[in-house]
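Colleague: Could you walk me through this one, feature by feature? I'd like the general idea and then the case at hand.

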Amino acid sequence: LPIPPLPEDLPKIELTENARQVLIRRYVRRNDDGTPAESVDEMFWRVAYNIAKVEVSFGNPDVMTRAREFYILLTSKKFFPNSPTFTGAGTPLGQLAACFVLPIVDDMGRDSMGIFQTLRDAALIQQTGGGNGFSFSRLRPKGTVVKSSSGQATGPVGFLRVYDHAFGEIAQGGTRRGANMGVLRVDHPDIEEFITCKTDENAITNFNISVGITDAFMRAVKEDAEWELRFPDVTDPRYRTFRGTLEQAEQEGIPIRTYKKVRARDLFNKIVKQAHHNGEPGVLFLDAANRSNPVPHLYQLEATNPCGEQYLGPYENCCLGSVNLAQHLGDNGTVDWEGLRQSVVLSTIFLDDVVEANAYVPAVPQLREAAMRARRIGLGIMGLADLMYHCGIRYGSPEGQEFAAQVMEFIRYHAMQTSIELAQQRGAFPAIHGSIYDPENLKWAPPQSIVPYTHDYGRPPIDWDIITEGIRKHGIRNAAQTTIAPTGTIATVAGCEGYGCEPVFALAYIRHVNDNGKDLQLIYASPAFEKAIARAGIEAEKRQEILEQIMREGTCQHIKDLPEAIRNVFVVSADITAEEHVRMQAALQAFVDNSLSKTINFPEGATEEDVATAYMLAWELGCKGITVYVTGSREKVVLETLKT
Ligand code: CDP
């Protein structure tokens, strides 16, 4: 689709060689013969212009100025949207979001939302680069009667396999394969089969799986109580037209059948054992998510996107975007707060424009309808670890938790303020009445830090009363505003050392590069670390020795002659205890209205009990889910992550 040429006075982006290659491979448009159809800078202009141009429909007479602002925001690497926005903007497909959730109802085809209808919709989304999440909890248990065929039901795990096979056969649009998430509630009669369905690493490879856990279950675990696996009675005549959740069945008076009684702890231990073994299933705390569901009048939250950071209602999507904290470093180890504020304001506008610019998938009209109802956006961060290195604050420490909270609070505050201003200019999201943001019946309350604030990082003051008043007066444009994505590709392109809100994975390592068929070994060393040891006056030869030791050990914690201050700050994922990981997640969660993508790393040799303790702590601290990884437990998967 023709757009004005990239204005010559605009700056060019600076990228590392690795970032440039990834970008060209993944984002640049191609001609039919496979040659690039645009330069790297033109790619950014395509995105900036095509997103800005929808502002015509909001009455903005000067789209060019906005396009230039977006272009500068992107090429300064201060903010990147999720990959599908790069690949999709201004293209015939035009699908821009990374995450979707589709409903699965207990019906083979009579209903327009039947099991195979959803499979077809999901396939169409996958072709655009979008990932899908599904709750399988509404499917009747395996072996229950199917009246029409007098047969026996396949059950959720059987259909999970059907979906998995189908997705395995579907080549993805563009260069990316959309991942999938399958969720089953902890009280579903087939939960035990679900928990172990991926024991074999080669089974169900197109899905991440998560158990949807309730507060009642966690309490039962604590009290060592009995736990019932239940489902509505499928032989009840009212069930035939019923489409809801277990709670709704109870409310409607449909009889509930108890299939089995187990000891809650046994079930919990089974989940823990499996996750300890290979990182799956993950766990979603559904009640925590529903306590902050912005639109409880529309639906209950039952599932997330593939990486778990985004809870969504049926047919909803979310376009994610991340502010790059590594590009908001202030002088002398401070934060560039004013720059960060400006980036958040413009990024929020960008993402609201994306809701409008997204073509969704026209063959699944429910997607656009759902998107327009709530206008969810998911602004998050990348490069938190880079900023913490810069400021000399140890990731995971009590101060690290406070710092992360202060930064995220600031971002959430300005995202909300911008969303209120957008409501004033463009209107509030259409489903606001009855939502927690209903100006006539405001149920939303300002978020509060779960860690004490004892440090002054020079952060400009925040007054949440202004937000409350703003919503009362104007409503808010976006039913959800913040999410922290994994930023698997965009952080690579932006050159961040730390992905999303994660700590740095390794300070130095060998990177294998394919150079015309030859395996080139390049030594990568953290630029921030290199700078820090040079600044500490350590001589070049010694610095080289230090890097070599780090490459062998993966960490700088055992290097005795490194100044204490450097050792303390330059921690990597494996140096941080599981408890510290969980506490970082919880400190950030307090200021994220959706959820966040984070892995709780355990050292090799961690026990199942260690994992169980982390689950309990995550639940108690208000996390909306937890994903664990015990070092060495899933070699194949880790190697794959390092390769990308
Ligand atoms: O960095 P990028 O924008 O490419 O993506 P990300 O932040 O790593 O992932 C964001 C979301 O995109 C994930 O949570 C998934 O929902 C989706 N995704 C996917 O479906 N398939 C992938 N291969 C990668 C991400």
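Modeller: Gladly. Keep in mind that this is a predicted model. Let's begin with helix H21: 11 of its 12 residues are buried, so the rest of the structure largely encloses this helix.

Colleague: Which residues of H21 are buried, and what do they pack against?

Modeller: The buried ones are Ala578, Glu580, His581, Val582, Arg583, Met584, Gln585, Ala586, Ala587, Leu588 and Gln589. They pack against helix H15 (398–426), strand E17 (599–602) and helix H22 (608–620).

Colleague: How do I check the span of H21 (residues 578–589)?

Modeller: Work from the rise of 1.5 Å a residue, counting one less than the number of residues. For the 12 residues of H21 this gives an expected 16 Å, and the end C-alpha atoms are 16 Å apart, which agrees.

Colleague: And how should I read the direction in which side chains on a helix point?

Modeller: An α-helix has 3.6 residues a turn, so residues three or four places apart point the same way.

Colleague: Which residues touch the most other members of the largest nonpolar core?

Modeller: Ala48 and Leu588 do, in a core of 178 residues. The largest share of this core comes from H15, with 13 residues. Leu588 also belongs to the buried set of H21. Leaving aside neighbours within four places in sequence, Leu588 is in contact with Ala404, Ala405, Met408, Ile484, Cys501 and Leu596.

Colleague: Let's turn to a single loop residue. Is Asp187 buried or exposed?

Modeller: The idea is to count C-beta atoms around the residue, with 20 or more within 10 Å making it buried. Asp187 has 22 others within 10 Å, so it is buried. Asp187 sits in the loop between strand E6 (180–185) and helix H7 (191–195).

Colleague: What does Asp187 touch?

Modeller: Not counting residues up to four places away in sequence, Asp187 touches Glu228, Leu229, Arg230 and Leu246. Its C-alpha atom is also separated by 8.2 Å from that of Phe217, 30 residues apart along the chain.

Colleague: How is the protein chain divided into domains?

Modeller: There are domain 1 (18–94 + 319–474), domain 2 (99–161 + 176–304) and domain 3 (506–570). The centres of domain 2 and domain 3, taken over C-alpha atoms, are 45 Å apart.

Colleague: Where does the ligand lie relative to domain 1 and domain 2?

Modeller: Look at which domains supply the shell. Domain 1 and domain 2 both give residues to it, so the ligand lies between them. In total 20 residues surround the ligand, the closest being Ser83, Ala98, Gly131, Cys307 and Gly488. The shell divides into 9 nonpolar, 8 polar and 3 charged residues.

Note on methods:
Residues numbered from 1 in each chain as written. Predicted model: local features only at pLDDT ≥ 70, side-chain atom pairs only at ≥ 80, totals over all residues. Domains from an automatic or database assignment. Near = placed C-beta within 6 Å. Nonpolar A, V, L, I, M, F, W, Y, C, P; charged D, E, K, R; others polar. Helix = DSSP H or I, 4+ residues; strand = E, 2+ residues; numbered from the N terminus. Contact = placed C-beta atoms within 7 Å. Core = buried A, V, L, I, M, F, W, Y, C linked by C-beta atoms within 7 Å.
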